[in-house]
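Biologist: Hello! I am new to this structure and would love a close look at one part of it. Could you walk me through it in a connected way?

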Amino acid sequence: MLQYVVDQHLAGHGARIKGFTIAQDVFGKSDDFDPAMDAVVRVQAGRLRDQLKTYYENEGSDNSLRISIPRGTYVPVFHSAPTLSAVQGDAEISDSTWSTEGRLSGDAQLQLPINSFIVANVRGFRVLLISILVLLLIILILLWRATGMAPGA
């Protein structure tokens with residue numbers, strides 16, 4: 001499955017990487033395959049994500065190029081492993097990705113795990129901020145009604 005999704009992505013067919021096409025091309029499912037009834041692709045994708053995580057935590061920890069399959073998609077993302085200088089903020093981030101020949105090309109954005117962490121936390125911060133604002137609005141409405149300043153009071 002990993003070989004298939006990487007090959008499809010590098011061939012420029014990222015939009016074609018869907019559960020249905022993986023089921024047919026990788027697992028030999030027929031045209032009447034129903035992903036709602038057969039979870040083979042979701043199950044195998046979950047296993048693949050776990051195996052990639054384990055690999056990069058152990059024997060692949062020295063790999064400078066890492067592949068991940070983010071949840072909610074089957075399209076692979078290529079990451080540069082964080083180096084000591086990247087962690088310390090000395091690294092330069094380029095708009096590049098690895099090509100099929102293993103060289104850098106300017107076709108897509110290289111995503112560092114550190115950047116993914118920051119983006120994930122910014123999204124979480126936005127959700128927290130919106131939740132706090134909604135809570136404050138509810139409190140203001142309740143206080144407004146309790147003081148008798150509401151219309152019709």
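Let us take the salt bridges as the part to look at, beginning with one residue: is Lys53 buried or exposed?

Modeller: Happy to help! Please keep in mind that this is a predicted model. Lys53 counts as exposed, because its relative accessibility is 53% and the cut-off for that word is over 50%. Its partner is Glu57: the two form a salt bridge in which the closest N and O atoms are 3.3 Å apart. Both belong to helix 3, which covers residues 40-57, and being 4 residues apart there, they are separated by about one helical turn. An α-helix has 3.6 residues a turn, so residues three or four places apart point the same way.

The count for the model comes to 3 salt bridges, so let us visit the others too. Arg16 pairs with Asp25, with 2.9 Å between the closest N and O atoms. Arg16 is partly exposed at 37% relative accessibility, and Asp25 is partly exposed as well, at 39%. Asp25 also falls within helix 2, residues 19-25. Then there is the salt bridge between the side chains of Lys29 and Asp38, again given as 2.9 Å from N to O. Here Lys29 has a relative accessible area of 30% and is partly exposed, while Asp38, at 25%, is partly exposed too.

Now for the setting. The chain has 5 helices and 4 strands, and from the N terminus on they run α-α-α-β-β-α-β-β-α. Of its 153 residues, 25% are buried. Some of these sit in helix 1 (residues 2-10), where Tyr4, Val5, Val6 and Gln8 are buried. The buried residues of helix 1 pack against helix 2, strand 1 (65-68) and strand 2 (77-80). Just after helix 1 comes Gly12, with a positive phi of about 85 degrees.

Finally, a look at the outside. The chain exposes about 10,700 Å², and carbon and sulfur atoms supply 59% of that area. There is a nonpolar surface patch of about 960 Å², whose members include Phe125, Leu128, Ile132, Leu136 and Leu140. Leu140 lies in helix 5, residues 113-146, and is exposed, with a relative accessible area of 56%. Like Lys53, then, Leu140 is described as exposed, but Leu140 belongs to the nonpolar patch, whereas Lys53 takes part in a salt bridge with Glu57.

Notes. Residues numbered from 1 in each chain as written. Predicted model: local features only at pLDDT ≥ 70, side-chain atom pairs only at ≥ 80, totals over all residues. Heavy atoms only, no water. Buried < 20%, exposed > 50% of the residue type's maximum accessible area, 1.4 Å probe, protein only. Helix = DSSP H or I, 4+ residues; strand = E, 2+ residues; numbered from the N terminus. Contact = heavy atoms within 4.5 Å. Areas by Shrake-Rupley, 256 points an atom, 1.4 Å probe, with all protein chains shown as cover. Patch = residues over 30% accessible without salt bridge, like charges linked within 9 Å, V, L, I, M, F, W, Y side chains within 5 Å. Salt bridge = Lys/Arg side-chain N within 4 Å of Asp/Glu carboxyl O.
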